[in-house]
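Thanks for coming, everyone. Please have the sequence and the 3D view open while I talk. I will walk through a few places one by one.

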Amino acid sequence: MTRIILLCFFTIFLGCQPKPTTTTKPHNEVLVLGTIHSGHLTDSVYNVAYLDKLIRTIKPDYILAEIPPNRMQAAMDGFKKDDSISEPRVLRFPEYVDVVFPLTKEMDFEIMATAGWTRMMADERNKKLGAIRDNPDRADDWKAYTLANQKTDSLYKATNKVNDPYFIHTQAYDDIQDIGLQMYNKLFNDELGLGGWENINIAHYWNIEKALQKHRYEGKRFLIIYGAGHKGWFLRELRKRDDIDLLEMKPFLDQVE
């Protein structure tokens with residue numbers, strides 16, 4: 001039910017947007033960058049220095065970040081005050097703390113906070129997942145979920161490309177991640193409410209769509225930076241748009257190499 005309500009609002013929002021009067025208006029370019037969060041602090045290749053070079057190479061006009069809109073001002077105020085981030089949610093993500101925010105001092109792009117996450121949503125999700133895990137009547141569901149995650153992990157490790165930025169930005173990576181994520185979604189999405197996998201992606205993408213609609217036909221470059229697990233979901237939705245050019249990450253990765 002939660003998913004249906006979210007999709008209805010999403011459809012209504014898109015239907016209310018003004019339609020272009022000409023097909024000659026310049027498309028915006030969009031790239032989706034999948035991150036590994038704390039892994040960027042330790043990985044030998046896909047680290048913060050690599051991200052720094054990659055974003056410099058991409059030269060975005062807008063960065064759509066996995067930051068809740070109500071946390072953005074506090075994060076930016078802290079950074080402007082003493083070049084550091086203390087906002088707890090943003091502090092978890094080195095891609096923003098060590099790369100994106102510092103780059104605002106050298107590059108001309110705008111950070112747009114687009115995460116649909118809230119603390120209440122996360123707390124409720126964790127509570128419900130704990131109850132499912134500990135419920136003997138849900139043992140089969142929890143086992144199916146666990147086995148799907150194990151299969152994802154096993155297939156990912158078997159590629160010998162764990163944290164390889166080239167592999168992360170492929171359909172093969174998205175397909176492997178989907179094994180665990182789609183089982184999680186099938187079993188628990190409706191039950192977890194707004195914190196379910198499909199539901200949280202709808203909430204994220206709602207904000208991403210608003211940003212794309214606001215700057216439609218400006219001929220700008222948008223870089224969406226989220227955890228890599230979200231990438232496949234976003235790409236499926238972005239491919240439905242006919243007013244953007246969805247760019248591959250590989251040519252930019254080649255320039256970094």
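Let's start with helix 11. Helix 11 gives the most to the lining of the largest cavity: five residues. Keep in mind that this is a predicted model. Helix 11 runs over 228-238. Helix 9, at 171-192, also supplies at least two residues of that lining.

How many cavities of 30 Å³ or more does a search of the whole structure find? The search finds one. The volume of the largest cavity is about 60 Å³. Please find its lining on your screen. You want Asp-174, Gln-177, Asp-178, Leu-181 and Trp-197. Then add Ala-228, Gly-229, Gly-232, Trp-233 and Arg-236. Sorted by class, that lining has four nonpolar, three polar and three charged residues.

Stay on helix 11 a moment. Is helix 11 mostly covered or mostly open? It is mostly covered, with nine of its eleven residues buried. Among the buried ones are Ala-228, His-230, Gly-232 and Trp-233. Lys-231 and Glu-237 are on the buried list too. So are Phe-234, Leu-235 and Leu-238.

Now the pocket. The largest pocket has a volume of about 820 Å³. Its lining counts 34 residues. Which of them are closest to the centre of the pocket? They are His-37, Glu-66, Arg-125, Trp-197 and His-230. Two of these names have come up already. Trp-197 also lines the largest cavity, and His-230 is one of the buried residues of helix 11.

Several helices give two or more residues to the pocket lining. They are helix 4 (88-91), helix 6 (119-134), helix 7 (139-158), helix 9, helix 10 (197-214) and helix 11. By class, the pocket lining has 14 nonpolar, 13 polar and seven charged residues.

Next, the nonpolar cores. Here is a general point first. In soluble globular proteins, nonpolar side chains tend to be buried together. In this model, the largest nonpolar core has 41 residues. Leu-54, Ile-55, Tyr-96, Phe-101, Leu-223 and Met-249 touch the most other members. Helix 5, residues 94-103, gives the largest share of this core, six residues.

Take Ile-55 as an example. Leave out residues up to four places away in sequence. Ile-55 then touches Pro-60, Ile-63, Val-99, Val-100 and Leu-103. It also touches Met-107, Leu-223 and Ile-225. Another core lies apart from the largest one, and has 30 residues. Its members include Tyr-145, Phe-188, Ala-203 and Ile-224.

Back to helix 5 for one residue, Pro-102. Pro-102 has a relative accessible area of 27%, so it counts as partly exposed. Beyond four places in sequence, Pro-102 touches Phe-79, Tyr-96 and Val-97. Compare Pro-102 with Ala-49. They are 53 residues apart in sequence, but 12 Å apart in space, C-alpha to C-alpha.

Now to the loops. Arg-241 sits in the loop between helix 11 and strand 5 (244-246). Is Arg-241 buried or exposed? Its relative accessibility is 13%, so it counts as buried. The cut-off for buried is under 20%. Its side chain makes a polar contact with the side chain of Glu-209, at 2.3 Å. Besides Glu-209, Arg-241 touches Tyr-205, Leu-212, Gln-213 and Arg-216, again leaving out residues up to four places away in sequence.

The loop between helix 7 and helix 8 (165-168) holds Lys-161. Lys-161 is partly exposed, at 38% relative accessible area. Apart from neighbours within four places in sequence, it contacts Tyr-156 and Phe-167. Lys-161 and Tyr-173 are twelve residues apart in sequence, and 9.7 Å apart in space, C-alpha to C-alpha.

Asn-160 is in that loop between helix 7 and helix 8 as well. At 70% relative accessibility, Asn-160 counts as exposed. Now look at its backbone. Most residues other than glycine have a negative phi. Asn-160 is not a glycine, yet its phi is positive, at about 60 degrees.

Asp-83 also has a positive phi of about 60 degrees, and is not a glycine either. You will find Asp-83 in the loop between helix 3 (69-82) and helix 4. Asp-83 is partly exposed, with a relative accessible area of 48%.

That's my tour. Questions, please.

Methods:
Residues numbered from 1 in each chain as written. Predicted model: local features only at pLDDT ≥ 70, side-chain atom pairs only at ≥ 80, totals over all residues. Heavy atoms only, no water. 1 Å grid on protein atoms, 1.4 Å probe; cavity = no way out; pocket = protein on both sides within 12 Å on 5 of 7 lines; lining within 4 Å. Points joined across faces, edges and corners; volume = space filled by probe spheres on them. Helix = DSSP H or I, 4+ residues; strand = E, 2+ residues; numbered from the N terminus. Nonpolar A, V, L, I, M, F, W, Y, C, P; charged D, E, K, R; others polar. Core = buried A, V, L, I, M, F, W, Y, C linked by side-chain atoms within 4.5 Å. Buried < 20%, exposed > 50% of the residue type's maximum accessible area, 1.4 Å probe, protein only. Contact = heavy atoms within 4.5 Å. Polar contact = N/O pair within 3.5 Å; in protein donor to acceptor, adjacent residues only side chain to side chain.
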